[in-house]
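Biologist: I am new to reading protein structures, and I would like a close look at a single part of this one. Could you pick one helix, walk me through it slowly, and then show me what lies around it?

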Amino acid sequence: MKKHNFLHKHQKTLAPLLSLVLIILVTASITPGFLSLRIVDGHLFGSLLDILHRATPTALVALGMAVVIGTRGIDLSVGAVIAISGAVTAVLTVNTDFPVWLVILCALGTGIICGLWNGILVSVFNIQPIVATLILMVAGRGIAQMITEGQIVTFHSDVLDAIGNGYFLAFPIRVWIAIGMIALTVLVMRKTALGLFIEAVGANVRASRLVGIEARLLVLSAYVFSGFCAAMSGIILAADIRGADANNAGLWLELDAILAVVLAGASLAGGRIYLLLTIVGVLIIQTLTTAILTSGLPAQYNLVVKATIILAVLLIQSPKTRQWLSGIFLKNKNAGSAGKASTDKGSTRA
Amino acid sequence: MINERNLPILATLLVFIMLYGFGMYQYQGFRDTLVFSNLLTDNAFLIITAIGMTFVILSGGIDLSVGSMIAFIGVLMAYLITNTGMHPLFAIGIALVVGVAFGAIMGVIIAFFEIQAFIVTLAGMFLFRGLAYLINLDAVPIDHPFIAGLYDIYVPLPGRGGLTFIAMAMLVLLALGILIARRTRFGMSVYALGGDSHSAALLGVPVKKTIIKIYALSGFYSAMSGVIFAIYTSSAYPLAAVGVELDAIAAVVIGGTLLTGGVGYVFGTFLGGMIQGIIQTLITFDGSLNSWWTKLAVGGLLLFFILLQKGIVVWVRKRSAA
């Protein structure tokens with residue numbers, strides 16, 4: 001009974017984690033050597049590490065997206081911001097003799113400016129988030145192409161190479177960067193009042209304003225944070241291929257990021273967000289992608305599988321389905337033992 | 001009659017006339033009917049998609065799956081015609097039925113499971129693109145005398161221009177859209193739903209049924225757009241029409257439809273699509289500007305119209321408060 005309660009309480013947390021474990025196990029049974037890790041020259045190698053490596057850009061974007069979704073918003077422009085910050089990184093590295101740290105600062109700065117733009121449209125002008133961020137999504141790739149003058153700018157820099165593909169303590173450096181960023185965000189969101197405030201704004205703007213929360217500033221800063229995360233992801237992606245591709249960098253990444261946040265059980269209607277589970281969501285998506293690729297299925301199955309899984313998760317998560325299911329469940333119970341019905345009602349509704 | 005309801009569409013009309021006038025003033029070639037008829041043909045698939053999107057946005061929803069739908073329908077049509085030797089008319093019929101069915105399924109999920117349209121159609125976007133890949137990975141030509149025949153239909157206009165089959169199909173679908181929006185009970189329900197779904201329900205609008213119909217209609221229009229696109233390019237490609245959903249949304253917004261729903265005109269969407277086409281044509285005529293300027297200009301116009309809408313809403317609220 002106690003175990004049952006535990007499962008019930010942590011149902012939401014366990015579902016994504018179990019899905020991840022399940023997907024990894026299934027893939028491992030299909031693909032021999034999927035779980036094996038080996039150390040070459042002090043670097044870890046293996047499919048699992050490859051998943052971590054590839055998941056970092058999405059993880060960073062999803063982190064910002066989770067915070068924005070927590071405020072009942074959405075940021076469609078992250079893909080475009082990735083293209084812009086990548087373009088800034090490449091062009092500054094090639095055309096100026098700025099030191100690398102300054103280049104990175106400038107790229108992060110453009111991300112912050114993009115976030116400010118979105119945030120001002122949403123919080124000051126009260127434009128719906130989908131629409132407000134749509135503007136930058138449409139225009140952003142144009143801006144990125146203007147920066148690169150329509151070319152794919154390739155560059156060389158040792159530091160950026162290290163960020164893209166280097167290793168530190170057996171793990172890729174970019175994974176360390178992502179871990180650091182995740183830890184910092186979780187710390188700020190969970191150990192300070194900021195996280196609570198952001199969720200409060202997402203749950204009920206008016207109520208949170210009445211208790212004295214500066215809602216506008218919080219919403220603004222959520223978008224700035226998302227822009228910052230996207231810029232970071234853009235630098236990593238540009239460093240990875242040693243070039244900036246204004247058309248394709250970060251294409252569809254916003255969708256993966258939103259999907260990860262939803263997989264983690266967050267409601268798009270704002271309120272509670274789950275940062276660590278969002279990362280689990282990112283890993284699920286990346287594992288699926290890798291699994292489809294390594295299992296020998298044609299790559300084109302990727303999208304269909306992904307879409308089917310999103311739809312399934314959405315349908316399961318829908319309050320309507322739950323009501324419906326618990327309705328059926330209750331009926332069965334009632335038919336079985338009428339006396340216990342009242343206590344069962346309590347536990348199934350909980 | 002100038003009131004706050006048709007102020008956005010008047011602004012759209014003004015932008016349209018100004019851009020077209022600028023083109024006529026600046027370039028000799030712009031004064032020929034050829035430019036106008038080319039605009040009709042080249043933007044037909046975008047405008048058709050955007051007409052369906054207008055109904056969705058009028059009801060307060062959004063449909064992100066339209067671009068993928070265009071590609072999927074094109075590839076499906078090519079498969080049916082080339083691999084099964086089906087007559088194109090049947091293939092088109094099947095493609096349209098499939099489009100309507102998929103739209104209706106998304107509508108059912110949105111209406112009955114109460115999941116946001118945004119995320120459901122996002123999943124649809126993945127799914128249709130994936131299905132297109134499953135049928136075919138490469139660009140394939142659609143080679144059939146019937147399709148070529150459609151392509152050859154041409155009604156000359158004074159000057160060097162003329163109406164192609166594609167342009168005429170678009171105009172017919174536009175007229176149909178205006179009729180549905182203005183002259184049917186369903187059209188009224190769409191406007192009521194976008195204004196306030198609660199009041200609409202209280203007034204006896206069948207909310208769920210209307211939502212399903214709206215997405216089925218959007219499915220029909222984007223499938224039709226897929227057919228037109230396939231005729232226009234005489235080929236099918238699973239990566240076709242990437243990002244068209246955004247262009248369509250932009251056309252609707254630039255056309256003066258309020259993004260919160262309830263206010264707007266199908267004809268405005270036509271103007272919105274044409275404006276995007278004019279911008280592209282102007283940039284081509286200029287020759288020195290790169291194509292990315294189109295994206296910037298469209299983004300700028302989008303911002304302008306959204307701020308205009310906001311301004312009007314605030315103004316109306318202030319006036320009614322006074």
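Modeller: What follows is a tour that starts from one helix of chain B and then moves outward.

Please keep in mind that this is a predicted model. Our helix is α11 of chain B, which covers residues 207-233. A friendly way to begin is to check its length. The helix has 27 residues, and at 1.5 Å a residue these should span 39 Å. The C-alpha atoms at the two ends of α11(B) are 39 Å apart, so the expectation and the model agree.

Next, is this helix enclosed or open to the outside? Of the 27 residues of α11(B), 22 are buried, so the helix is largely enclosed by the rest of the structure. Just after the helix comes B:Ser234, and its phi is positive, near 50 degrees. As background, most residues other than glycine have a negative phi.

Now let us see what packs against our helix. Helix α9 of chain B, residues 185-195, packs with α11(B) at an angle of about 105 degrees. The axes of α9(B) and α11(B) are 10 Å apart. An angle from 65 to 115 degrees counts as roughly perpendicular, and α9(B) and α11(B) are therefore roughly perpendicular to each other. On the α9(B) side, the residues that meet the partner are B:Phe186, B:Ser189, B:Val190 and B:Leu193. They meet B:Val207, B:Thr210, B:Lys213 and B:Ile214 in α11(B). Look at the numbering as you read those names: an α-helix has 3.6 residues a turn, so residues three or four places apart point the same way. Sorted by class, this contact has five nonpolar, two polar and one charged residues.

Our helix also leads to a residue in the core. B:Met77 is in contact with B:Val227 and B:Ala230, among others. Leaving aside neighbours within four places in sequence, the partners of B:Met77 also include B:Ala91, B:Ile92, B:Ala95, B:Ile142 and B:Ala236. In the largest nonpolar core, which has 216 residues, B:Met77 and B:Leu302 are the residues with the most contacts inside that core. The helix that gives the most to this core is in chain A: helix α11 of that chain, residues 215-241, with 18 residues.

While we are in that helix of chain A, consider A:Leu217, which has its place there. With 13 other C-beta atoms within 10 Å, A:Leu217 is partly exposed. The C-alpha atoms of A:Leu217 and A:Gly119 are separated by 8.8 Å, although these residues are 98 apart along the chain. For chain A in general, take the contacts between residues at least 6 apart in sequence: 76% of them join residues at least 24 apart. Chain A comes to 16 helices and six strands, and 45% of its 350 residues count as buried.

Back in chain B, two other spots make good practice. Helix α6 of chain B, residues 117-135, has 19 residues. From first C-alpha to last, α6(B) reaches 27 Å, close to the 27 Å expected at 1.5 Å a residue. As 16 of its 19 residues are buried, α6(B) is largely enclosed by the rest of the structure.

The other spot is a helix pair: α2 of chain B, residues 33-42, and α8 of chain B, residues 165-183, pack at an angle of about 70 degrees, with their axes 8 Å apart. That makes α2(B) roughly perpendicular to α8(B). Here B:Ser37, B:Leu40 and B:Thr41 in α2(B) meet B:Ile166, B:Ala167 and B:Met170 in α8(B). The residues of this contact divide into four nonpolar, two polar and no charged.

Finally, how do the two chains meet? The contact takes 32 residues from chain A and 34 residues from chain B. On the chain A side, α6, α12, α14 and α15 each supply at least two residues. The largest share of that side, twelve residues, comes from α6(A). By class, the side of chain A that touches chain B has 21 nonpolar, eight polar and three charged residues.

Conventions: Residues numbered from 1 in each chain as written. Chains lettered and ligands numbered in written order. Predicted model: local features only at pLDDT ≥ 70, side-chain atom pairs only at ≥ 80, totals over all residues. Contact = placed C-beta atoms within 7 Å. Helix = DSSP H or I, 4+ residues; strand = E, 2+ residues; numbered from the N terminus. Nonpolar A, V, L, I, M, F, W, Y, C, P; charged D, E, K, R; others polar. Expected span 1.5 Å × (residues − 1). Buried ≥ 20, exposed ≤ 12 C-beta atoms within 10 Å, placed from the backbone. Core = buried A, V, L, I, M, F, W, Y, C linked by C-beta atoms within 7 Å. Axes fitted to C-alpha atoms, helices over the stretch in contact; angles between N-to-C directions. Parallel < 35°, antiparallel > 145°, perpendicular 65-115°, else oblique.
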